[in-house]
Amino acid sequence: MKTMIEKEPSKKPRKLFLAAGIVLLAVIYLILCVIVDENHTLPGMKINGIRVGGKTEKEIVKLLKQERKVCRENAVFTVTAADTDYQIQVGDALDADSRAFAENMFRPGKSIFAARGLHLLRSLLGGYHLEFLPELKDPEAIHQSIVDSGIQESATTTQTSCILQDRQLIFTMGVAKDDTVDEERLTEQIAESVKKGEYQASFTCPLKRGVVNPVDMDLVVQKVCVEPADATLDPQNGYAIVDAVTGISFDREEAEKKLDRAKEGSTVVVDLIYTEPEISTQNLKEHLFKDKLATYTTQAAGVSNRTMNISLAAQKCNGMILLAGDVFSFNNTVGEQTEETGFKMANGILDGQIVQVYGGGICQVSSTIFAAALYANLEIVERWNHDFVSSYIPAGVDAAVAWAALDFQYANNTAYPLKMEVSYVNGNLTVDLWGTKTDDAIVELATEIVSDVPGSNLELDTYRYVYNGDRSQAFIENVTHSSYLR
């Protein structure tokens, strides 16, 4: 009897079939990896629901820019406040980086080779659905959009106001209400809608309690207060009279205390302080150049060139007007002495030597003005003596000048404008100073020799003695010191 042994089916064909399947899948996957193109988007890709498969980066960027433009044009929100609808257009505040978004879409094609097939399978089976939504990028633009909508005007909070009435400042204190636009929360709501792509949403405006700002006292002072100003002359308008200004001020400390204590809606009254100027417009009109403050004459002789120089310098100084506080400069008035400016060669002193210079002799003009200024009791700002005692004026009363080196200057220290008349007629050089006398002062000059030793310089001081009208002495002033060569 033979025993029958059954032979099991061979597993080899099954293994071969499985291996073949794996190889086939690998080949297919390899083909998928190869198909993925880094220069084109994957099939099945969508942006905001628009199919964009197989497009180049340039085409995607163009599409994204169009989408951004559409979003910005449609970004108009309807916000309700105080039963009124306001349109807030925020397009100018929206922006998005189209190129960066586009570059991100091409990453699957630029990933490692083995991963590209997975990206393609995902795109084919489920699709890449992307949203391109511009965001709020410009806070200032969104703020301006809210302002432009007019929604903030719906608030009824009032600020403190101020008017000038009947020589008083009248403040009406502001009142805060609970209907002020909460701009921060409103911006957040708009931003949230933008993120969701809801560019035409409608909602009620968030509100908050308004704020009554403190009074800007610096601004009040700037608008109300003015310093008193005397009537004067305008050099830029032919020295026409400029009207006086009455000063206005108030007790700032007291006003601030009243405002701090005041309740909303109440009224605060602050008295104004008016200060009249010392010189009114009418006063100036009546007293302008009315009085001769001083006069001084010297005999001007010499060669024709010298007298021509004196005459020219006198003409330049004649008619000079100085407002209160102005300083007269001989050099600035006469200018440089050259042939081109009309001056002639004549004797002058340089380093103790007699030399020929353009403008020789004009020091007689500056000296005569100096003497008149002394007698008019004006402030002497700058003065230099000559190397030698002059023949045309007493020692200590001369005033040497030299262009760009020595100047003679005096200041109008009176309260009124001053006019200087300088004339050269028939050998007489005369300086008249016209102004307005405000006292009865009398001026006398005297010199005191400090040193008179043979072989050395003559040293002396010039004094101005000022007396009151009753000859009582007001003061003595040591005006200047002089040192002359022998």
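Angles under 35 degrees count as roughly parallel, over 145 as roughly antiparallel, 65 to 115 as roughly perpendicular, and the rest as oblique. With that in hand, here are the close-ups, all taken from a predicted model.

**View 1. Helices α11 and α13 cross at an oblique angle.** Helix α11 covers residues 304–317 and helix α13 covers residues 363–375; their axes come within 8 Å and cross at roughly 45°. That angle falls in none of the parallel, antiparallel or perpendicular ranges, so the two helices are oblique to each other. On the α11 side, look for Arg306, Ile310, Ala313, Ala314 and Cys317. Their partners in α13 are Gln364, Val365 and Ile369.

**View 2. Helices α6 and α7 meet roughly at right angles, being roughly perpendicular.** The axes of α6 (residues 139–149) and α7 come within 11 Å and cross at roughly 110°. Since 65 to 115 degrees is the perpendicular range, α6 and α7 are described as roughly perpendicular to each other. From α6, the contact uses Ile142, His143 and Ile146. From α7, Glu183, Leu186, Thr187 and Ile190 take part.

**View 3. Asp182 sits in the loop just ahead of helix α7.** This loop runs between β10 (180–181) and α7 (183–195). Asp182 has a relative accessible area of 10%, and because the limit for buried is under 20%, Asp182 is buried. Leaving aside residues up to four places away in sequence, Asp182 touches Pro206, Leu207 and Lys208.

**View 4. Asp218, Arg252 and Glu256 form a salt-bridge network.** The structure holds ten salt bridges, and this view shows one linked group, made of Asp218, Arg252 and Glu256. Between Arg252 and Glu256, the closest N and O atoms are 3.1 Å apart. Both residues belong to helix α9 (residues 252–261), and because they are four residues apart there, about one helical turn separates them. Arg252 is partly exposed, with a relative accessible area of 31%. Glu256 is also partly exposed, at 30%.

**View 5. A salt bridge joins Arg471 to Glu444.** The side chains meet with an N to O distance of 2.8 Å. This pair links distant parts of the chain, with the two positions 27 residues apart in numbering: Arg471 is in the loop between β28 (458–467) and β29 (473–484), while Glu444 is in strand β27. Arg471 has a relative accessible area of 42% and is partly exposed. Glu444 is partly exposed as well, at 33%.

**View 6. Strands β28 and β29 are linked by Arg464 and Glu477.** Here the salt bridge has an N to O distance of 2.9 Å. Glu477 comes from strand β29 and Arg464 from strand β28, 13 residues apart. The two ends of the bridge differ in accessibility: Glu477 is partly exposed at 28%, whereas Arg464 is buried at 2%.

**View 7. Asn377 and Ala404 both have a positive phi.** Most residues other than glycine have a negative phi. Asn377 departs from this with a phi near 60°, and Ala404 does so with a phi of about 65°. Asn377 lies in the loop between α13 and β23 (379–382), and Ala404 lies in the loop between β23 and β24 (409–411). Asn377 is partly exposed, with a relative accessible area of 21%. Ala404 is exposed, at 72%.

**View 8. Thr438 occupies a loop between two strands, β26 and β27.** The flanking strands are β26 (428–435) and β27 (442–451). Thr438 has 60% relative accessibility, and because the cut-off for exposed is over 50%, Thr438 counts as exposed. Tyr416 is 22 residues away along the chain, and the C-alpha atoms of Thr438 and Tyr416 are separated by 9.2 Å.

**View 9. Val23, Val27 and Ile31 make a nonpolar surface patch.** The patch has an area of about 250 Å². One of its members, Val23, lies in helix α1, which covers residues 12–35.

Notes:
Residues numbered from 1 in each chain as written. Predicted model: local features only at pLDDT ≥ 70, side-chain atom pairs only at ≥ 80, totals over all residues. Heavy atoms only, no water. Patch = residues over 30% accessible without salt bridge, like charges linked within 9 Å, V, L, I, M, F, W, Y side chains within 5 Å. Areas by Shrake-Rupley, 256 points an atom, 1.4 Å probe, with all protein chains shown as cover. Salt bridge = Lys/Arg side-chain N within 4 Å of Asp/Glu carboxyl O. Buried < 20%, exposed > 50% of the residue type's maximum accessible area, 1.4 Å probe, protein only. Contact = heavy atoms within 4.5 Å. Axes fitted to C-alpha atoms, helices over the stretch in contact; angles between N-to-C directions.
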